[in-house]
Amino acid sequence: MQNQQPVDLNAIAWAAMDQYGFIPGFPPSVLREVGALAAKVFPDTLDDPRDLRSLLWSSIDNHDSRDLDQIEVCEEGPNGEIQVRVAIADVDVYVQKESETDRHAGHNGTSVYTGVTTFPMLPDRLSAGLTSLLPGQDRMAVVIEYTVLPDGSVRPGDIYRAIVTNQAKLVYEEIGDWLEGTGTLPRTVTETPGLLEQVLLQDEAAMRMKKHRLAQGALALETIEAAPVVTDGQVRGLVIQQQNRARCLIEEFMVAANGSVTAFLSDADLPMIHRVVRTPKNWEGIVAEAAERGEALPPEPDAEALTRFLIRQKAADPDRFPDLSLTVVKLMGAGEYVAFRPGDVPIGHFALAVTDYTHGTAPNRRYVDLIIQRLIKSVVDAERYPPYTPLELDDLAVRLTDREKASQKVERFVRKAAAAVLLRERIGDSFEAFVTGASEKGTYVRLIDPPAEGRVMQGEQGLRVGQRVRVRLMATDPYKGFIDFARTR
(Lines give C-alpha, C1' and ligand atoms only; values in the text may rest on other atoms or scores of the structure.)
Protein backbone atom coordinates (compact mmCIF):
# COMPACT_ATOMS: atom_id res chain seq x y z
CA MET A 1 0.00 0.00 0.00
CA GLN A 2 2.98 2.32 0.49
CA ASN A 3 3.79 2.35 -3.25
CA GLN A 4 0.52 3.82 -4.48
CA GLN A 5 0.82 6.49 -7.13
CA PRO A 6 0.46 10.10 -5.90
CA VAL A 7 -2.90 11.74 -6.51
CA ASP A 8 -2.98 15.17 -8.18
CA LEU A 9 -5.69 16.92 -6.15
CA ASN A 10 -5.19 20.16 -8.06
CA ALA A 11 -6.01 18.37 -11.29
CA ILE A 12 -9.08 16.82 -9.66
CA ALA A 13 -10.23 20.28 -8.54
CA TRP A 14 -9.73 21.79 -12.01
CA ALA A 15 -11.58 18.88 -13.63
CA ALA A 16 -14.47 19.27 -11.17
CA MET A 17 -14.73 22.98 -11.98
CA ASP A 18 -14.88 22.18 -15.68
CA GLN A 19 -17.42 19.38 -15.14
CA TYR A 20 -19.84 21.70 -13.36
CA GLY A 21 -19.65 24.48 -15.92
CA PHE A 22 -17.08 26.84 -14.42
CA ILE A 23 -14.14 28.44 -16.19
CA PRO A 24 -11.34 27.55 -13.75
CA GLY A 25 -8.73 29.99 -15.06
CA PHE A 26 -8.94 33.62 -16.13
CA PRO A 27 -8.99 34.19 -19.91
CA PRO A 28 -6.18 36.34 -21.36
CA SER A 29 -8.69 39.12 -22.11
CA VAL A 30 -9.55 39.38 -18.40
CA LEU A 31 -5.90 39.32 -17.30
CA ARG A 32 -5.03 42.06 -19.82
CA GLU A 33 -7.94 44.20 -18.69
CA VAL A 34 -7.13 43.84 -15.00
CA GLY A 35 -3.41 44.32 -15.60
CA ALA A 36 -4.08 47.65 -17.27
CA LEU A 37 -6.04 49.04 -14.30
CA ALA A 38 -4.49 51.91 -12.40
CA ALA A 39 -4.93 52.07 -8.65
CA LYS A 40 -7.28 54.82 -7.55
CA VAL A 41 -9.21 55.96 -4.53
CA PHE A 42 -11.81 58.30 -5.97
CA PRO A 43 -14.09 57.25 -8.83
CA ASP A 44 -14.49 59.93 -11.50
CA THR A 45 -18.19 60.35 -10.73
CA LEU A 46 -17.76 61.28 -7.06
CA ASP A 47 -16.61 64.84 -6.25
CA ASP A 48 -16.73 64.89 -2.46
CA PRO A 49 -16.75 61.46 -0.82
CA ARG A 50 -17.13 61.20 2.91
CA ASP A 51 -13.76 60.72 4.53
CA LEU A 52 -14.08 58.11 7.30
CA ARG A 53 -10.44 57.03 7.41
CA SER A 54 -10.04 58.27 10.98
CA LEU A 55 -12.59 55.78 12.36
CA LEU A 56 -11.32 52.63 14.08
CA TRP A 57 -12.35 50.20 11.34
CA SER A 58 -11.37 46.54 11.73
CA SER A 59 -12.03 43.23 10.01
CA ILE A 60 -12.33 39.67 11.30
CA ASP A 61 -11.55 36.87 8.86
CA ASN A 62 -9.45 33.73 8.41
CA HIS A 63 -5.75 34.21 9.09
CA ASP A 64 -4.82 33.69 5.42
CA SER A 65 -7.71 35.61 3.81
CA ARG A 66 -6.72 38.42 1.46
CA ASP A 67 -10.05 39.05 -0.30
CA LEU A 68 -11.51 41.24 2.46
CA ASP A 69 -15.01 42.45 1.62
CA GLN A 70 -16.13 44.20 4.78
CA ILE A 71 -14.91 46.11 7.82
CA GLU A 72 -16.89 47.32 10.82
CA VAL A 73 -16.95 50.04 13.45
CA CYS A 74 -19.40 50.83 16.29
CA GLU A 75 -20.10 53.65 18.69
CA GLU A 76 -22.39 53.99 21.66
CA GLY A 77 -25.56 55.95 21.04
CA PRO A 78 -28.29 57.41 23.25
CA ASN A 79 -30.52 55.28 25.47
CA GLY A 80 -28.37 52.16 25.21
CA GLU A 81 -28.35 52.08 21.41
CA ILE A 82 -25.29 50.96 19.44
CA GLN A 83 -24.61 52.68 16.12
CA VAL A 84 -23.03 50.34 13.56
CA ARG A 85 -21.24 51.10 10.31
CA VAL A 86 -20.32 48.29 7.93
CA ALA A 87 -18.09 49.25 4.99
CA ILE A 88 -18.27 47.06 1.89
CA ALA A 89 -15.46 47.07 -0.70
CA ASP A 90 -16.43 49.14 -3.75
CA VAL A 91 -15.66 46.49 -6.36
CA ASP A 92 -17.74 48.24 -9.02
CA VAL A 93 -15.17 51.07 -9.10
CA TYR A 94 -12.84 48.71 -10.97
CA VAL A 95 -15.18 46.09 -12.44
CA GLN A 96 -17.43 47.92 -14.86
CA LYS A 97 -20.67 46.28 -15.98
CA GLU A 98 -20.24 44.37 -19.26
CA SER A 99 -16.45 44.51 -19.08
CA GLU A 100 -14.47 41.35 -19.82
CA THR A 101 -13.85 40.92 -16.09
CA ASP A 102 -17.52 41.41 -15.30
CA ARG A 103 -18.65 38.87 -17.89
CA HIS A 104 -16.24 36.27 -16.53
CA ALA A 105 -17.38 36.94 -12.95
CA GLY A 106 -21.00 36.70 -14.03
CA HIS A 107 -20.33 33.37 -15.77
CA ASN A 108 -18.77 31.72 -12.72
CA GLY A 109 -20.99 33.60 -10.27
CA THR A 110 -18.91 32.93 -7.16
CA SER A 111 -15.49 32.12 -5.80
CA VAL A 112 -15.07 28.40 -5.17
CA TYR A 113 -13.14 27.26 -2.08
CA THR A 114 -12.17 23.60 -2.38
CA GLY A 115 -9.62 23.47 0.45
CA VAL A 116 -7.06 22.32 -2.10
CA THR A 117 -7.22 25.13 -4.65
CA THR A 118 -9.19 28.37 -4.46
CA PHE A 119 -10.82 29.58 -7.66
CA PRO A 120 -11.50 33.31 -7.07
CA MET A 121 -14.31 35.04 -8.93
CA LEU A 122 -11.98 37.97 -9.62
CA PRO A 123 -8.23 37.94 -10.31
CA ASP A 124 -6.02 38.33 -7.25
CA ARG A 125 -4.88 41.78 -8.35
CA LEU A 126 -8.45 42.88 -7.67
CA SER A 127 -9.90 40.64 -4.96
CA ALA A 128 -6.69 40.39 -2.91
CA GLY A 129 -5.40 43.82 -3.91
CA LEU A 130 -7.12 46.83 -5.41
CA THR A 131 -10.66 46.00 -4.20
CA SER A 132 -9.70 44.33 -0.91
CA LEU A 133 -10.08 46.25 2.37
CA LEU A 134 -6.56 45.34 3.46
CA PRO A 135 -5.08 46.98 6.59
CA GLY A 136 -3.46 50.35 6.10
CA GLN A 137 -4.87 50.89 2.60
CA ASP A 138 -7.20 53.77 1.69
CA ARG A 139 -10.17 52.33 -0.17
CA MET A 140 -13.48 53.43 -1.59
CA ALA A 141 -16.40 51.66 0.07
CA VAL A 142 -20.17 51.54 0.32
CA VAL A 143 -21.02 52.19 3.97
CA ILE A 144 -24.17 50.71 5.50
CA GLU A 145 -25.44 52.25 8.74
CA TYR A 146 -27.91 50.75 11.20
CA THR A 147 -28.74 50.98 14.89
CA VAL A 148 -28.92 48.05 17.30
CA LEU A 149 -31.55 48.77 19.95
CA PRO A 150 -31.33 47.50 23.55
CA ASP A 151 -33.72 44.62 22.75
CA GLY A 152 -31.55 43.48 19.82
CA SER A 153 -33.84 44.69 17.06
CA VAL A 154 -32.29 46.70 14.22
CA ARG A 155 -33.28 50.09 12.82
CA PRO A 156 -31.90 50.55 9.27
CA GLY A 157 -30.04 53.77 8.56
CA ASP A 158 -28.37 55.54 5.68
CA ILE A 159 -26.19 54.02 2.94
CA TYR A 160 -23.53 56.10 1.19
CA ARG A 161 -20.07 56.00 -0.39
CA ALA A 162 -16.95 56.91 1.58
CA ILE A 163 -13.19 56.55 1.88
CA VAL A 164 -12.18 54.10 4.63
CA THR A 165 -9.02 52.49 5.99
CA ASN A 166 -8.91 49.16 7.78
CA GLN A 167 -6.94 49.75 10.98
CA ALA A 168 -6.63 46.10 12.06
CA LYS A 169 -7.06 42.67 10.46
CA LEU A 170 -8.24 40.30 13.18
CA VAL A 171 -8.50 36.49 13.04
CA TYR A 172 -11.60 34.43 13.85
CA GLU A 173 -9.87 31.89 16.07
CA GLU A 174 -7.86 34.44 18.08
CA ILE A 175 -10.77 36.81 18.69
CA GLY A 176 -13.22 33.96 19.28
CA ASP A 177 -11.00 32.28 21.87
CA TRP A 178 -10.45 35.58 23.67
CA LEU A 179 -14.16 36.50 23.73
CA GLU A 180 -15.02 33.02 25.01
CA GLY A 181 -12.38 33.16 27.74
CA THR A 182 -10.24 30.32 26.40
CA GLY A 183 -7.47 32.40 24.83
CA THR A 184 -5.29 35.43 25.46
CA LEU A 185 -5.91 38.93 24.20
CA PRO A 186 -4.55 39.08 20.62
CA ARG A 187 -1.48 41.23 20.15
CA THR A 188 -3.12 43.32 17.43
CA VAL A 189 -5.83 44.34 19.90
CA THR A 190 -3.36 45.34 22.62
CA GLU A 191 -1.23 47.34 20.18
CA THR A 192 -4.12 49.33 18.65
CA PRO A 193 -5.44 52.06 20.98
CA GLY A 194 -9.18 51.77 21.55
CA LEU A 195 -9.56 48.45 19.72
CA LEU A 196 -10.23 46.45 22.89
CA GLU A 197 -13.27 48.57 23.72
CA GLN A 198 -14.31 48.56 20.07
CA VAL A 199 -14.34 44.77 19.74
CA LEU A 200 -16.22 44.39 23.03
CA LEU A 201 -18.84 46.86 21.82
CA GLN A 202 -19.18 44.96 18.54
CA ASP A 203 -19.58 41.73 20.50
CA GLU A 204 -22.29 43.32 22.65
CA ALA A 205 -24.18 44.43 19.53
CA ALA A 206 -23.86 40.96 17.98
CA MET A 207 -25.06 39.15 21.10
CA ARG A 208 -28.10 41.42 21.29
CA MET A 209 -28.97 40.76 17.65
CA LYS A 210 -28.45 37.01 17.97
CA LYS A 211 -30.67 36.79 21.06
CA HIS A 212 -33.38 38.77 19.30
CA ARG A 213 -33.25 36.66 16.12
CA LEU A 214 -33.36 33.41 18.07
CA ALA A 215 -36.43 34.68 19.90
CA GLN A 216 -37.98 35.41 16.48
CA GLY A 217 -37.25 31.85 15.30
CA ALA A 218 -33.84 32.03 13.61
CA LEU A 219 -32.60 28.45 13.41
CA ALA A 220 -29.67 27.45 15.64
CA LEU A 221 -28.03 25.14 13.11
CA GLU A 222 -24.48 23.83 13.18
CA THR A 223 -23.37 21.60 10.32
CA ILE A 224 -19.93 20.07 9.85
CA GLU A 225 -17.73 20.70 6.82
CA ALA A 226 -14.33 19.06 7.09
CA ALA A 227 -11.69 20.87 5.05
CA PRO A 228 -8.48 19.12 3.99
CA VAL A 229 -5.14 20.24 5.38
CA VAL A 230 -2.73 20.05 2.43
CA THR A 231 1.00 20.79 2.62
CA ASP A 232 3.48 20.12 -0.16
CA GLY A 233 0.74 18.38 -2.11
CA GLN A 234 0.09 15.87 0.69
CA VAL A 235 -3.17 15.56 2.64
CA ARG A 236 -2.17 15.76 6.29
CA GLY A 237 -5.62 15.68 7.85
CA LEU A 238 -9.17 17.02 7.89
CA VAL A 239 -10.17 19.97 10.05
CA ILE A 240 -13.60 21.21 11.05
CA GLN A 241 -14.20 24.93 11.08
CA GLN A 242 -15.58 25.61 14.55
CA GLN A 243 -18.34 28.13 15.02
CA ASN A 244 -17.23 30.64 17.63
CA ARG A 245 -18.17 34.02 19.03
CA ALA A 246 -16.11 35.93 16.46
CA ARG A 247 -17.79 34.16 13.53
CA CYS A 248 -21.14 34.80 15.21
CA LEU A 249 -20.23 38.51 15.45
CA ILE A 250 -19.56 38.81 11.72
CA GLU A 251 -22.62 36.72 10.83
CA GLU A 252 -24.91 38.96 12.88
CA PHE A 253 -23.38 42.13 11.45
CA MET A 254 -23.80 40.88 7.89
CA VAL A 255 -27.40 39.71 8.44
CA ALA A 256 -28.30 43.16 9.75
CA ALA A 257 -26.40 44.91 6.95
CA ASN A 258 -28.12 42.86 4.25
CA GLY A 259 -31.51 43.53 5.80
CA SER A 260 -30.71 47.24 5.81
CA VAL A 261 -29.80 47.06 2.12
CA THR A 262 -33.19 45.60 1.19
CA ALA A 263 -34.91 48.39 3.16
CA PHE A 264 -32.78 50.99 1.36
CA LEU A 265 -33.55 49.63 -2.12
CA SER A 266 -37.24 49.19 -1.24
CA ASP A 267 -37.45 52.83 -0.15
CA ALA A 268 -35.95 53.76 -3.54
CA ASP A 269 -38.63 51.63 -5.28
CA LEU A 270 -36.00 49.55 -7.08
CA PRO A 271 -36.18 45.93 -8.18
CA MET A 272 -33.53 43.70 -6.62
CA ILE A 273 -32.59 40.10 -5.91
CA HIS A 274 -33.67 38.53 -2.62
CA ARG A 275 -31.95 35.67 -0.84
CA VAL A 276 -34.68 33.30 0.32
CA VAL A 277 -35.15 30.02 2.14
CA ARG A 278 -38.73 28.96 1.61
CA THR A 279 -41.01 27.61 4.31
CA PRO A 280 -40.08 23.90 4.46
CA LYS A 281 -42.18 21.74 2.16
CA ASN A 282 -41.02 18.65 4.04
CA TRP A 283 -42.03 19.89 7.47
CA GLU A 284 -43.47 16.43 8.09
CA GLY A 285 -39.97 15.01 7.85
CA ILE A 286 -38.69 17.52 10.41
CA VAL A 287 -41.59 16.65 12.71
CA ALA A 288 -40.69 12.96 12.35
CA GLU A 289 -37.04 13.69 13.25
CA ALA A 290 -38.22 15.45 16.41
CA ALA A 291 -40.57 12.59 17.26
CA GLU A 292 -37.68 10.09 17.06
CA ARG A 293 -36.02 12.16 19.77
CA GLY A 294 -39.11 12.19 21.96
CA GLU A 295 -40.26 15.72 21.11
CA ALA A 296 -43.36 17.07 19.39
CA LEU A 297 -43.36 19.91 16.86
CA PRO A 298 -46.53 21.66 15.62
CA PRO A 299 -48.16 20.17 12.50
CA GLU A 300 -47.58 23.44 10.57
CA PRO A 301 -44.14 25.04 10.01
CA ASP A 302 -43.12 26.98 13.12
CA ALA A 303 -39.61 28.47 13.16
CA GLU A 304 -39.71 29.40 16.85
CA ALA A 305 -40.73 25.89 17.92
CA LEU A 306 -38.04 24.38 15.69
CA THR A 307 -35.39 26.67 17.16
CA ARG A 308 -36.32 25.74 20.73
CA PHE A 309 -36.12 22.06 19.75
CA LEU A 310 -32.69 22.54 18.17
CA ILE A 311 -31.32 24.40 21.19
CA ARG A 312 -32.47 21.60 23.50
CA GLN A 313 -30.95 18.95 21.25
CA LYS A 314 -27.59 20.72 21.10
CA ALA A 315 -27.48 20.84 24.90
CA ALA A 316 -28.54 17.20 25.27
CA ASP A 317 -26.38 15.61 22.53
CA PRO A 318 -23.71 18.00 21.18
CA ASP A 319 -21.79 15.24 19.35
CA ARG A 320 -24.73 14.35 17.13
CA PHE A 321 -26.13 17.86 16.79
CA PRO A 322 -24.26 18.66 13.54
CA ASP A 323 -25.85 15.61 11.91
CA LEU A 324 -29.31 16.66 13.11
CA SER A 325 -28.59 20.13 11.73
CA LEU A 326 -27.61 18.66 8.36
CA THR A 327 -30.82 16.59 8.29
CA VAL A 328 -32.92 19.67 9.03
CA VAL A 329 -31.10 21.66 6.34
CA LYS A 330 -31.82 18.94 3.76
CA LEU A 331 -35.48 18.72 4.77
CA MET A 332 -35.90 22.50 4.62
CA GLY A 333 -34.46 22.82 1.15
CA ALA A 334 -31.64 24.95 -0.20
CA GLY A 335 -31.45 28.72 -0.26
CA GLU A 336 -31.99 30.43 -3.57
CA TYR A 337 -31.97 33.81 -5.29
CA VAL A 338 -35.28 35.28 -6.43
CA ALA A 339 -35.86 38.49 -8.36
CA PHE A 340 -38.04 40.92 -6.40
CA ARG A 341 -40.07 43.77 -7.87
CA PRO A 342 -41.57 46.66 -5.89
CA GLY A 343 -44.98 45.55 -4.67
CA ASP A 344 -44.15 41.83 -4.64
CA VAL A 345 -44.89 39.87 -1.46
CA PRO A 346 -41.49 38.79 -0.06
CA ILE A 347 -40.86 35.07 0.38
CA GLY A 348 -38.54 35.55 3.36
CA HIS A 349 -35.66 33.58 4.80
CA PHE A 350 -37.07 30.85 7.07
CA ALA A 351 -33.70 29.91 8.59
CA LEU A 352 -32.76 33.48 9.54
CA ALA A 353 -36.25 34.54 10.64
CA VAL A 354 -36.15 37.61 8.39
CA THR A 355 -38.61 38.68 5.72
CA ASP A 356 -36.56 40.92 3.41
CA TYR A 357 -33.02 39.74 2.82
CA THR A 358 -30.35 39.80 0.16
CA HIS A 359 -26.64 39.13 -0.35
CA GLY A 360 -24.72 42.38 -0.73
CA THR A 361 -21.75 42.23 1.64
CA ALA A 362 -19.24 40.10 -0.32
CA PRO A 363 -18.81 41.61 -3.82
CA ASN A 364 -15.25 40.24 -4.15
CA ARG A 365 -16.56 36.70 -3.76
CA ARG A 366 -20.17 36.57 -5.06
CA TYR A 367 -21.56 38.12 -8.23
CA VAL A 368 -25.02 38.71 -6.76
CA ASP A 369 -23.38 41.03 -4.22
CA LEU A 370 -21.82 43.02 -7.05
CA ILE A 371 -25.26 43.36 -8.65
CA ILE A 372 -26.70 44.63 -5.37
CA GLN A 373 -23.80 47.07 -5.02
CA ARG A 374 -24.51 48.54 -8.43
CA LEU A 375 -28.18 48.96 -7.52
CA ILE A 376 -27.20 50.75 -4.28
CA LYS A 377 -24.80 53.07 -6.09
CA SER A 378 -27.44 53.94 -8.69
CA VAL A 379 -29.56 55.31 -5.84
CA VAL A 380 -26.68 57.04 -4.06
CA ASP A 381 -25.51 58.65 -7.32
CA ALA A 382 -29.09 59.56 -8.33
CA GLU A 383 -28.80 57.78 -11.67
CA ARG A 384 -31.81 58.18 -13.90
CA TYR A 385 -32.15 54.47 -14.65
CA PRO A 386 -31.19 51.44 -12.55
CA PRO A 387 -28.33 49.30 -13.94
CA TYR A 388 -30.57 46.22 -14.32
CA THR A 389 -34.09 45.71 -15.60
CA PRO A 390 -36.52 43.37 -13.81
CA LEU A 391 -36.19 40.84 -16.65
CA GLU A 392 -32.40 40.89 -16.37
CA LEU A 393 -32.70 40.26 -12.63
CA ASP A 394 -35.06 37.33 -13.30
CA ASP A 395 -32.42 35.64 -15.46
CA LEU A 396 -29.57 36.50 -13.13
CA ALA A 397 -31.36 35.11 -10.05
CA VAL A 398 -31.93 31.76 -11.76
CA ARG A 399 -28.37 31.55 -13.05
CA LEU A 400 -26.73 32.53 -9.78
CA THR A 401 -28.80 30.00 -7.85
CA ASP A 402 -27.53 27.37 -10.27
CA ARG A 403 -23.91 28.57 -9.89
CA GLU A 404 -24.13 28.45 -6.10
CA LYS A 405 -25.39 24.86 -6.17
CA ALA A 406 -22.68 23.93 -8.66
CA SER A 407 -19.98 25.48 -6.47
CA GLN A 408 -21.18 23.43 -3.51
CA LYS A 409 -20.96 20.28 -5.62
CA VAL A 410 -17.38 21.10 -6.63
CA GLU A 411 -16.37 21.81 -3.03
CA ARG A 412 -17.98 18.60 -1.74
CA PHE A 413 -16.40 16.49 -4.47
CA VAL A 414 -12.89 17.80 -3.85
CA ARG A 415 -13.28 17.40 -0.09
CA LYS A 416 -14.29 13.77 -0.68
CA ALA A 417 -11.34 13.27 -3.00
CA ALA A 418 -8.95 14.63 -0.37
CA ALA A 419 -10.51 12.44 2.32
CA ALA A 420 -10.16 9.43 0.01
CA VAL A 421 -6.46 10.20 -0.35
CA LEU A 422 -6.05 10.53 3.42
CA LEU A 423 -7.77 7.18 4.07
CA ARG A 424 -6.39 5.05 1.26
CA GLU A 425 -3.59 3.69 3.47
CA ARG A 426 -6.18 2.48 5.99
CA ILE A 427 -8.18 -0.05 3.98
CA GLY A 428 -9.52 -2.67 6.39
CA ASP A 429 -9.42 -0.40 9.46
CA SER A 430 -12.56 0.08 11.57
CA PHE A 431 -13.97 3.42 12.69
CA GLU A 432 -16.70 4.88 14.87
CA ALA A 433 -19.22 6.85 12.80
CA PHE A 434 -22.62 8.55 12.71
CA VAL A 435 -25.23 7.88 10.03
CA THR A 436 -25.78 11.13 8.10
CA GLY A 437 -28.15 9.92 5.39
CA ALA A 438 -30.38 6.93 4.79
CA SER A 439 -32.64 6.78 1.73
CA GLU A 440 -33.18 4.93 -1.54
CA LYS A 441 -30.13 6.78 -2.91
CA GLY A 442 -27.89 5.15 -0.33
CA THR A 443 -26.79 5.18 3.30
CA TYR A 444 -23.97 7.51 4.32
CA VAL A 445 -21.87 7.92 7.46
CA ARG A 446 -19.44 10.47 8.85
CA LEU A 447 -16.45 9.14 10.75
CA ILE A 448 -15.76 10.67 14.14
CA ASP A 449 -12.00 10.75 13.54
CA PRO A 450 -11.06 11.72 10.91
CA PRO A 451 -14.37 13.47 10.02
CA ALA A 452 -14.63 11.93 6.54
CA GLU A 453 -17.90 10.94 4.88
CA GLY A 454 -18.62 7.89 2.79
CA ARG A 455 -21.23 5.35 1.75
CA VAL A 456 -22.13 2.12 3.53
CA MET A 457 -22.07 -0.57 0.84
CA GLN A 458 -22.61 -3.61 3.07
CA GLY A 459 -24.87 -4.03 6.10
CA GLU A 460 -26.70 -0.75 5.60
CA GLN A 461 -30.17 -2.23 6.11
CA GLY A 462 -32.04 -0.74 9.04
CA LEU A 463 -29.65 2.12 9.70
CA ARG A 464 -31.22 5.49 10.47
CA VAL A 465 -29.93 9.08 10.51
CA GLY A 466 -28.16 9.99 13.74
CA GLN A 467 -27.41 6.41 14.71
CA ARG A 468 -23.90 5.65 15.94
CA VAL A 469 -22.30 2.68 14.19
CA ARG A 470 -18.95 1.01 13.62
CA VAL A 471 -17.80 0.62 10.04
CA ARG A 472 -14.86 -0.94 8.21
CA LEU A 473 -13.17 0.85 5.31
CA MET A 474 -13.52 -1.22 2.14
CA ALA A 475 -12.17 1.00 -0.65
CA THR A 476 -11.41 4.57 -1.72
CA ASP A 477 -11.25 6.21 -5.14
CA PRO A 478 -10.05 9.85 -5.06
CA TYR A 479 -10.80 10.42 -8.75
CA LYS A 480 -14.45 9.45 -8.28
CA GLY A 481 -14.74 10.84 -4.77
CA PHE A 482 -15.72 7.42 -3.39
CA ILE A 483 -15.17 6.18 0.17
CA ASP A 484 -16.90 2.83 0.77
CA PHE A 485 -17.61 1.18 4.11
CA ALA A 486 -19.09 -2.01 5.46
CA ARG A 487 -21.03 -2.02 8.70
CA THR A 488 -19.42 -4.16 11.42
CA ARG A 489 -21.66 -5.67 14.04
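Here is a short back-and-forth about helix packing, a pocket and two backbone oddities in this predicted model.

Me: Why are α7 and α8 called roughly perpendicular to each other?
Reply: The axes of α7 (residues 195-216) and α8 (residues 245-267) cross at roughly 70°. Angles of 65 to 115 degrees count as roughly perpendicular, so α7 and α8 get that label. Their axes come within 9 Å, and the crossing is left-handed.

Me: Which residues make that contact?
Reply: On the α7 side you've got Val-199, Gln-202, Asp-203, Ala-205, Ala-206, Met-207, Met-209, Lys-210 and Arg-213. From α8 come Arg-245, Cys-248, Leu-249, Glu-251, Glu-252, Phe-253, Val-255 and Ala-256. Sorted by class, the α7 and α8 contact holds ten nonpolar, one polar and six charged residues.

Me: What makes α5 roughly perpendicular to α7?
Reply: Same kind of check. Helix α5 (residues 172-179) packs against α7 at about 80°, with the axes 12 Å apart. The window for roughly perpendicular is 65 to 115 degrees, and that is why α5 counts as roughly perpendicular to α7. Ile-175, Trp-178 and Leu-179 of α5 meet Leu-196, Val-199, Leu-200 and Asp-203 of α7. By class, that contact has six nonpolar residues, no polar ones and one charged.

Me: How do you know that α12 and α13 are roughly antiparallel?
Reply: Look at the angle again. Helix α12 (residues 367-380) and helix α13 (residues 390-423) pack at about 155°, their axes 10 Å apart. Anything over 145 degrees counts as roughly antiparallel, so α12 and α13 qualify. The residues in touch are Tyr-367, Val-368 and Ile-371 of α12 with Leu-393, Leu-396 and Leu-400 of α13.

Me: How many nonpolar, polar and charged residues does the α12 contact with α13 have?
Reply: Six nonpolar, no polar and no charged. Tyr goes in with the nonpolar class here, so Tyr-367 of α12 doesn't add to the polar count.

Me: Which helix or strand gives the most to the lining of the second largest pocket?
Reply: That's α8, with eight residues. β8 (154-171), α7 and α8 each supply at least two. The volume of this pocket is about 380 Å³, and of its 21 lining residues the closest to the centre are Val-154, Val-255, Ala-256, Gly-259 and Val-354.

Me: How does the lining of the second largest pocket divide by class?
Reply: Into nine nonpolar, nine polar and three charged residues. Gly counts as polar in this scheme, so Gly-259, one of the residues closest to the pocket's centre, falls in the polar group.

Me: What makes Asn-79 stand out?
Reply: Its phi is positive, about 55°, and Asn-79 is not a glycine. Most residues other than glycine have a negative phi. You'll find Asn-79 in the loop between β3 (70-76) and β4 (82-89).

Me: Why is the peptide bond from Asp-449 to Pro-450 called cis?
Reply: Check omega: it is near 0° for this bond. Most peptide bonds are trans. Pro-450 lies in the loop between β14 (442-447) and β15 (453-458).

Notes
Residues are numbered from 1 along each chain as its sequence is written. This is a predicted model: local features need pLDDT of at least 70, side-chain atom pairs count only at pLDDT 80 or more; totals for chains, interfaces and linings use all residues. Side-chain values use heavy atoms; hydrogens and water are left out. Axes are lines fitted to C-alpha atoms, for helices over the stretch in contact, and angles run from 0 to 180 degrees between N-to-C directions. Helices (H or I, at least four residues) and strands (E, at least two) are DSSP runs, numbered from the N terminus. Angles under 35 degrees count as roughly parallel, over 145 as roughly antiparallel, 65 to 115 as roughly perpendicular and the rest as oblique. A crossing is left-handed if the near helix is turned anticlockwise from the far one by less than a right angle, and right-handed if clockwise. Contact means heavy atoms within 4.5 Å. On a 1 Å grid over the protein atoms alone, a cavity is a set of points where a 1.4 Å probe fits but cannot get out, and a pocket is an open set with protein on both sides within 12 Å along at least five of seven lines; lining residues have an atom within 4 Å of a point. Grid points are joined across faces, edges and corners, and a volume is the space filled by probe spheres set on the points.
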